[in-house]
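Please look through the sequence and the model below, then follow the walk through its strands and rings.

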Amino acid sequence: SIPNLLWFFGDSSTAVIVAPTHSYRWHGTNNVRLVVQSNFGCMDSASRQLTVHPDPIADLSIPADKQCMNHHSFRMVNRSRIGAGTMVYTWDLGDGRQLNQVAPVFSYANPGVYRATLKAETAFGCSDTQSFVLTVWPSPEAAFDVNQSEQCFDQHSYNLQNRSSVSVGPLSFLWQKGDGNTDTARNIRYRYNAAGSFQLRLIASASHACKDTAVRMLLLRPS
C-alpha cells in the first residue's frame, strides 16, 4: 500500500488522492510530479509533462446577410482567433457544399434560408464552431411583349403585354417609356407625341426591394 502521496500539477494546485482529475485554466506545458512515501519513510517521485493546447474561437461577420437573388454575393469576414498556433477552416454553406478558404465569397443556386456553420480547427484537433443564417430573397424576372417594335407615326399604337413573374409574393411595375412619361399598370397601350427612337424599360419590383429590368428599343418612323 501507499500510505502517503502528493500530486503537484505545475500550476500551484495539488492533490492527495490516488487517481485525481485536474483541469488547467490556461493553455501551456505543465510539469506534473507525483511524490510517494512508504510506511518506513522511503520516498520516490515521478514526473511527466502535460501539454494543454489552446482552443480556437470561431467568429465571423457578414456585411449583408440578406440579399436578393439577382446578382447576390455573400462575403465572409473571418474573425476567428487563437492564443497560439494556426487554424484551418471549414465553411458548411447549408446546401450540401463545404469550402476550406479563410474568407470565402459565394452565392446560392436558389432563393431560401440557409443555416451555415464556420468550423475553426487546430493541428491538434481542438475546434470551435459558429453558426449563422443567410437569406436569399426571390428576385422577379421582368419581361414583356410588344405588338410591333417598329411602326409608322400615323395611327401607331404600342400594345405592351407584361410577362413578368416571381416565385413568391406580389409584384409592382414601373414603365419608363423613354419620353419622360411613366406608368404603373401591369399592361399598357401607348402613343408617342412625336417620331423617334425610344428606350422602353419595365422595372418589376418584388418584396424586400428585389427588382429586375427588361429593356426594348422602339422605333417610331415619321409618316
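What follows takes the strands and the aromatic pairs in turn. The model is predicted.

Start with a sheet near the beginning of the numbering. How many strands form this open sheet, and in what order? There are 4 strands, in the order 2-1-3-4, and their pairing is antiparallel. Strand 2 (14–15) and strand 4 (43–52) stand at the edges. Each of these two has a single partner strand, so one side of each is left without a neighbour in the sheet. Strand 1, residues 4–8, runs antiparallel to strand 2 and is joined to strand 2 by 2 bridges. One bridge can be located by residue: F8 has T14 of strand 2 as its partner.

Now move to strand 3, residues 28–37, where N30 is placed. Is N30 buried or exposed? Its relative accessibility is 12%. The cut-off for buried is under 20%, so N30 counts as buried. Which residues surround N30, once neighbours within four places in sequence are left aside? N30 is in contact with F9, G10, D11 and Y24. R48, Q49 and L50 also contact N30.

Next come the rings. The model holds 9 aromatic pairs. One of them is F74 with F106, whose ring centres lie 6.2 Å apart. Their planes meet at 45 degrees, so this pair is tilted. F74 belongs to strand 7 (residues 74–75) and F106 to strand 11 (residues 105–106). The pair therefore ties together parts that are 32 residues apart in sequence. Both F74 and F106 are buried. These two rings also belong to an aromatic cluster, which F74 and F106 form with Y108 and Y114. A charged side chain enters the picture at Y108: R97 lies over the face of this ring, 5.5 Å from the ring centre.

Another pair has another geometry. The ring centres of Y190 and Y192 are 4.8 Å apart, with planes at 85 degrees. Planes over 60 degrees apart count as edge-to-face, so that is how the pair of Y190 and Y192 is classed. Y190 and Y192 are both buried.

Return to strand 7, which also contains R75. R75 has a relative accessible area of 46%, so R75 is partly exposed. Which residues does R75 touch, not counting those up to four places away in sequence? They are S61, I62, P63, P104 and V105. A64 is 11 residues from R75 along the chain, and the C-alpha atoms of R75 and A64 are separated by 7.8 Å.

Finish at strand 17, residues 172–176. Strand 17 has two faces. F173 and W175 make up the covered face. S172, L174 and Q176 make up the uncovered one. Strand 17 is joined by 5 bridges to strand 20, residues 196–205, and the two run antiparallel. On strand 20, R201 is the bridge partner of Q176, a residue of the uncovered face. Strand 17 also runs antiparallel to strand 18, residues 182–183, with 2 bridges between them. Here W175, from the covered face, has D183 of strand 18 as its bridge partner. What do strand 17 and strand 18 form? They form a hairpin, with 5 residues between the strands. In the turn, G178 has a positive phi of about 90 degrees.

Definitions and conventions:
Residues are numbered from 1 along each chain as its sequence is written. This is a predicted model: local features need pLDDT of at least 70, side-chain atom pairs count only at pLDDT 80 or more; totals for chains, interfaces and linings use all residues. Side-chain values use heavy atoms; hydrogens and water are left out. Rings of Phe, Tyr and Trp (its six-membered ring) pair if their centres lie within 6.5 Å; planes under 30 degrees apart count as stacked, over 60 as edge-to-face and the rest as tilted. Buried means under 20% relative accessible area, exposed over 50%, partly exposed in between (1.4 Å probe, protein chains only). A charge sits over a ring if NZ of Lys or CZ of Arg is within 6 Å of the ring centre and within 35 degrees of the ring normal. Contact means heavy atoms within 4.5 Å. Two strands pair if DSSP finds at least two bridges between them.
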